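Trainee: Could we go through this chain together, one question at a time, with the reasoning spelled out before each result?

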Amino acid sequence: MGILGIPTRENKGNKEGNNNRARYKKGNYTNEDAVENVLHYVTRTRENEERGDDLINYGAVGADYFHSVDNMIQQFRYVQYVYGINSRRGRRMYHEVLNLKDCEFERLGRNPEVLWQVGMECCQVYFQMGHQAVFAVHWEPEKRCHIHFAVNTINFQNGWKWHTTLPEIKQREGIFNEILCRYQIMVTGAIEVLEFLNGEGNALDGHKDVPYGYHIET
């Protein structure tokens with residue numbers, strides 16, 4: 001079962017003194033350059049990038065990922081500008097990571113195209129809530145395979161600010177595991193994947209009754 005979590009500290013993978021880090025204030029991404037920092041970080045497109053080999057692929061829902069990361073940054077920032085982020089202040093980005101077990105990575109065939117499809121479908125969960133989202137699939141020896149989700153905190157439909165709770169994170173984790181399960185079955189052709197997931201915390205059960213929440217930040 002994939003585990004969905006929230007990064008809580010500054011990434012220290014680069015050499016001391018290098019500015020190419022995912023900088024954020026107390027984990028809340030309230031700084032003015034949070035959008036570009038987070039998107040360049042997850043897509044491994046920072047200036048003088050030292051960890052480009054971590055990246056398998058990336059994509060987005062609600063933003064143009066075909067041309068450049070800078071295009072996505074501008075589209076995220078435009079939504080924030082329209083809804084007055086500079087006067088409202090507060091969090092500008094939200095960041096979650098789905099950590100895959102080695103066996104899940106193997107069941108997906110280590111296939112970049114399959115991992116891309118998984119990332120895109122998971123991103124749709126945020127987009128259906130009204131939030132632009134970028135995903136990036138990484139593989140690192142110490143962290144194995146994981147998928148970053150960088151989400152615009154401003155709802156493009158109504159301007160509401162992102163707000164989430166632990167039950168909602170667990171709900172998304174359940175939905176993401178349904179997606180993982182489906183692609184594992186597709187790649188392996190085996191029904192045992194269902195038994196594997198249900199045997200590790202019943203990831204497929206009981207997530208539909210938990211509502212998503214919003215609040216308007218003034």
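Mentor: Let us begin at the end of a helix, keeping in mind that this is a predicted model: helix H6 is followed by Gly-189, whose phi is positive, near 70°.

Trainee: How far does H6 reach from its first C-alpha to its last, and what is expected at 1.5 Å a residue?

Mentor: The helix covers residues 166–188, which gives 23 residues in H6. The expected span is 1.5 Å times one less than the number of residues. For H6 that expectation is 33 Å, and the span computed from the model is close to it, at 32 Å.

Trainee: Glu-173 carries a carboxylate, so to speak, within that helix; is Glu-173 buried or exposed?

Mentor: Glu-173 lies in H6, and beyond the residues up to four places away in sequence it touches Met-1, Gly-2, Ile-3 and Leu-4. The side chain of Glu-173 also makes a polar contact of 2.8 Å with that of Lys-170. Because the cut-off for burial is under 20% relative accessible area, and Glu-173 has a relative accessibility of 3%, Glu-173 counts as buried.

Trainee: Turning to the sheet, in which order do the five strands lie?

Mentor: The sheet is open and its pairing is antiparallel, with strand S1 (3–5) and strand S2 (55–61) at the edges, each pairing on one side only. From one strand to the next the twist averages 20°. Read across the sheet, the order is S1-S3-S5-S4-S2.

Trainee: How many bridges join S4 to S5?

Mentor: S4 and S5 form a hairpin with three residues between them, and within this pairing the bridge partner of Val-137 in S5 is Ile-147. On its other pairing, S5 runs antiparallel to S3 with seven bridges, where Glu-96 stands opposite Phe-149. Between S4 and S5, which also run antiparallel, the number of bridges is eight.

Trainee: Why is S5 described as largely enclosed by the rest of the structure?

Mentor: Strand S5 spans residues 144–152, and helix H1 (residues 34–42), which packs on the sheet, touches S5 as well as S2, S3 and S4. Helix H5 (residues 112–128) also packs on the sheet and touches S2, S3, S4 and S5. S5 is largely enclosed because, of its nine residues, the number buried is eight.

Trainee: What angle does the direction of H5 make with that of S2?

Mentor: The two helices that pack on the sheet can be taken in turn. For H1, the direction makes about 20° with that of S3. For H5, the angle is given with respect to S2, and its value is about 35°.

Trainee: What separates the C-alpha atoms of Ala-60 and Ala-136?

Mentor: Ala-60 is found in strand S2, which pairs with strand S4 (residues 133–140) in the antiparallel sense over six bridges; in that pairing the residue standing opposite Ala-136 is Tyr-58. Ala-60 is buried, with a relative accessible area of 4%, and its contacts outside four places in sequence are Tyr-65, Met-72, Met-120, Ala-133, Val-134 and Phe-135. Although Ala-60 and Ala-136 are 76 residues apart along the chain, their C-alpha atoms are separated by 8.7 Å.

Trainee: Among the charged pairs, how close are the N and O atoms of Glu-140 and Arg-44?

Mentor: The structure holds 11 salt bridges, and the one between Glu-140 and Arg-44 links distant parts of the chain, with Glu-140 in strand S4 and Arg-44 in the loop between H1 and S2, 96 residues apart. Both Glu-140 and Arg-44 are buried. Their closest N and O atoms are 3.6 Å apart.

Trainee: Which residues are linked with Arg-44 in a network of salt bridges?

Mentor: A second pair to consider is Asp-54 with Arg-51, whose side chains meet in a salt bridge at 3.1 Å, N to O. Asp-54 is buried at a relative accessible area of 12%, and Arg-51 likewise counts as buried, at 10% relative accessibility. The residues linked with Arg-44 in the network are Arg-51, Asp-54 and Glu-140.

Trainee: In the salt bridge between Glu-49 and Arg-46, is Glu-49 buried or partly exposed?

Mentor: The side chains of Glu-49 and Arg-46 meet at 2.6 Å, N to O. Arg-46 is buried, with a relative accessible area of 8%. Glu-49, by contrast, has a relative accessible area of 23%, and is therefore partly exposed.

Technical notes:
Residues numbered from 1 in each chain as written. Predicted model: local features only at pLDDT ≥ 70, side-chain atom pairs only at ≥ 80, totals over all residues. Heavy atoms only, no water. Pairing = 2+ DSSP bridges. Helix = DSSP H or I, 4+ residues; strand = E, 2+ residues; numbered from the N terminus. Axes fitted to C-alpha atoms, helices over the stretch in contact; angles between N-to-C directions. Contact = heavy atoms within 4.5 Å. Buried < 20%, exposed > 50% of the residue type's maximum accessible area, 1.4 Å probe, protein only. Polar contact = N/O pair within 3.5 Å; in protein donor to acceptor, adjacent residues only side chain to side chain. Salt bridge = Lys/Arg side-chain N within 4 Å of Asp/Glu carboxyl O.
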